[in-house]
Amino acid sequence: MANNGEVSFNVTKSIWRLNAAVNGWQKEVNLVAWNNNKPKIDIRDWNSDKTKMKKGLSLNKDEVLELKRCLNTINIDKLFDDSPKAIDENTGPGPMDTGAHFVIASTKEEPENAIGEED
């Protein structure tokens with residue numbers, strides 16, 4: 001962290017604009033170095049000149065690869081249609097129960113990234 005308690009950042013690469021609001025803010029995927037650390041993939045809303053940002057999510061390379069693996073198991077169209085078959089039953093965990101915060105594996109072997117029910 002910077003000496004004055006502020007967070008420093010450097011957008012090293014703009015990757016993708018996910019959307020743009022009428023107020024000038026844009027949800028973007030960027031490569032951002034926070035506090036002079038190694039850059040991470042970052043997803044958040046930025047103002048038009050990237051001097052202000054809202055809360056977002058930063059992921060290191062391993063987390064991005066795991067997220068990509070997760071998203072590849074999901075049928076996005078069915079997911080947003082509330083279909084119980086939105087998750088590919090052959091390659092990944094099953095649907096997440098939004099009330100209980102756990103994933104039910106839909107295969108005999110639970111993937112090492114599956115979140116089990118907490119004891």
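Accessible areas here come from the Shrake-Rupley method with a 1.4 Å probe. On that basis, the accessible surface of this predicted model comes to about 9,200 Å², and 51% of that surface belongs to carbon and sulfur atoms. The protein contains two helices and six strands, arranged along the sequence in the pattern β-β-β-β-α-α-β-β. Of its 119 residues, 21% are buried.

**Overall organisation**

- Both helices follow the fourth strand in the sequence pattern β-β-β-β-α-α-β-β, and two further strands come after them.
- Among contacts between residues at least 6 apart in sequence, 18% join residues at least 24 apart.
- A search of the whole structure finds four salt bridges; three of them are described below, among them the pair of Lys-50 and Glu-28.

**Strand S2: Asn-30 and Glu-28**

- Asn-30 is found in strand S2, which covers residues 26–34.
- With a relative accessible area of 0%, Asn-30 is buried, because the cut-off for that class is under 20%.
- The side chains of Asn-30 and Glu-28 are joined by a polar contact of 3.0 Å.
- Beyond its neighbours within four places in sequence, Asn-30 is in contact with Val-11, Lys-13, Ser-14, Ile-15, Lys-40, Ile-41, Asp-42, Trp-46 and Lys-50.
- Glu-28 is also buried, at a relative accessible area of 5%.
- Glu-28 forms a salt bridge with Lys-50, in which the closest N and O atoms are 2.9 Å apart.
- This pair links distant parts of the chain, since Glu-28 belongs to strand S2 and Lys-50 to the loop between S3 and strand S4 (53–59), 22 residues apart.
- Lys-50 is partly exposed, with a relative accessible area of 22%, whereas its partner Glu-28 is buried.

**Strand S3: Arg-44 and Asp-42**

- Arg-44 has its place in strand S3, residues 40–46.
- Arg-44 forms a salt bridge with Asp-42, the closest N and O atoms being 2.7 Å apart.
- Side chains of opposite charge can pair when their charged atoms come close.
- Both partners are buried: Arg-44 has a relative accessible area of 10%, and Asp-42 has a relative accessibility of 0%.
- The side chain of Arg-44 also reaches the backbone oxygen of Lys-54, at 2.9 Å.
- Apart from its neighbours within four places in sequence, Arg-44 is in contact with Gln-26, Lys-27, Glu-28, Trp-34, Met-53, Lys-54, Lys-55, Gly-56, Leu-57 and Ser-58.
- Glu-28 is therefore a contact of Arg-44, under a cut-off of heavy atoms within 4.5 Å, in addition to being the salt-bridge partner of Lys-50.
- Asp-42, the salt-bridge partner of Arg-44, is likewise listed among the contacts of Asn-30.

**Helix H1: geometry and ends**

- Helix H1 covers residues 61–72.
- At 1.5 Å a residue, the 12 residues of H1 should span 16 Å, a value taken over one less than the number of residues.
- The end C-alpha atoms of H1 are 17 Å apart, which agrees with that expected span.
- At the start of H1, a side-chain oxygen of Asn-60 comes to within 3.1 Å of the backbone nitrogen of Asp-62.
- Within H1, Glu-66 forms a salt bridge with Arg-69, and the closest N and O atoms are 2.9 Å apart.
- Glu-66 and Arg-69 are three residues apart in the helix, so about one helical turn separates them.
- Glu-66 counts as partly exposed at 29% relative accessibility, and Arg-69 is partly exposed at 37%.

**Nonpolar surface patch on H1 and H2**

- Leu-67, Leu-71, Ile-76, Leu-79 and Phe-80 form a nonpolar patch on the surface, with about 470 Å² of accessible area together.
- The elements that give two or more residues to this patch are helix H1 (61–72) and helix H2 (76–80).
- H2 supplies the largest share of the patch, three residues.
- Phe-80, one of the patch residues, lies in helix H2.
- Phe-80 is exposed, because its relative accessible area of 66% is over the 50% cut-off for that class.

Note on methods:
Residues are numbered from 1 along each chain as its sequence is written. This is a predicted model: local features need pLDDT of at least 70, side-chain atom pairs count only at pLDDT 80 or more; totals for chains, interfaces and linings use all residues. Side-chain values use heavy atoms; hydrogens and water are left out. Patches are made of residues with over 30% relative accessible area and no salt bridge: like charges are joined within 9 Å, nonpolar side chains (Val, Leu, Ile, Met, Phe, Trp, Tyr) within 5 Å. A salt bridge is a side-chain nitrogen of Lys or Arg within 4 Å of a carboxyl oxygen of Asp or Glu. Helices (H or I, at least four residues) and strands (E, at least two) are DSSP runs, numbered from the N terminus. Buried means under 20% relative accessible area, exposed over 50%, partly exposed in between (1.4 Å probe, protein chains only). A polar contact is a pair of N or O atoms within 3.5 Å; within protein, one must be able to donate a hydrogen and the other to accept it, and residues adjacent in sequence count only if both atoms are side-chain atoms.
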